[in-house]
Amino acid sequence: MSDKETNRATANERGLVVKNKKYNKTDLIAFGVCLLAAIVIWMHATNVRYNEEQNKNEPPLPPAESQIEAESK
């Protein structure tokens, strides 16, 4: 038996599976895309919450039509 076969046999007796898996380019690209999407979603949620907090502190502006009428009077 070679060393690899011996390691596999020993690992299988203990219920462990030993794999020497290399990552493909597609795995890394998928990870990058998922990470980028997560960052974009996180930034969007943070900005929405920040905007809501800002709107609570500032009084709402009157509609533009009433501002124009008030200026012309």
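**Exercise 1. Work out the order of the elements in the protein chain, starting from the N terminus.**

Start at the N terminus and read along: the elements go α-α-α. Now tally them up, and you get three helices and zero strands. Keep in mind that you're looking at a predicted model.

**Exercise 2. Find where confidence is lowest and where it is highest in the protein chain.**

Begin with the whole chain: its mean pLDDT is 76, with 56% of the residues at 70 or more. Then go helix by helix. Confidence bottoms out in H1 (residues 3-13), with a mean of 57, and peaks in H2, with a mean of 89.

**Exercise 3. Decide whether Trp42 is buried or exposed.**

First, place the residue: Trp42 sits in helix H2, which spans residues 25-57. Next, recall the cut-off, since exposed means over 50% relative accessible area. Trp42 has 58% relative accessibility, so it counts as exposed. Finally, look at its company: Trp42 joins Phe31, Leu35, Ile39 and Met43 in a nonpolar surface patch of about 570 Å².

**Exercise 4. What share of the 73 residues counts as buried?**

Just 1% of them do. As for the surface, the chain's accessible area is about 7500 Å², and carbon and sulfur atoms account for 59% of that.

Conventions. Residues are numbered from 1 along each chain as its sequence is written. This is a predicted model: local features need pLDDT of at least 70, side-chain atom pairs count only at pLDDT 80 or more; totals for chains, interfaces and linings use all residues. Side-chain values use heavy atoms; hydrogens and water are left out. Patches are made of residues with over 30% relative accessible area and no salt bridge: like charges are joined within 9 Å, nonpolar side chains (Val, Leu, Ile, Met, Phe, Trp, Tyr) within 5 Å. Accessible areas come from the Shrake-Rupley method with a 1.4 Å probe; for residues, only the protein chains shown count as cover. A salt bridge is a side-chain nitrogen of Lys or Arg within 4 Å of a carboxyl oxygen of Asp or Glu. Helices (H or I, at least four residues) and strands (E, at least two) are DSSP runs, numbered from the N terminus. Buried means under 20% relative accessible area, exposed over 50%, partly exposed in between (1.4 Å probe, protein chains only). pLDDT is the predictor's confidence in each residue, from 0 to 100.
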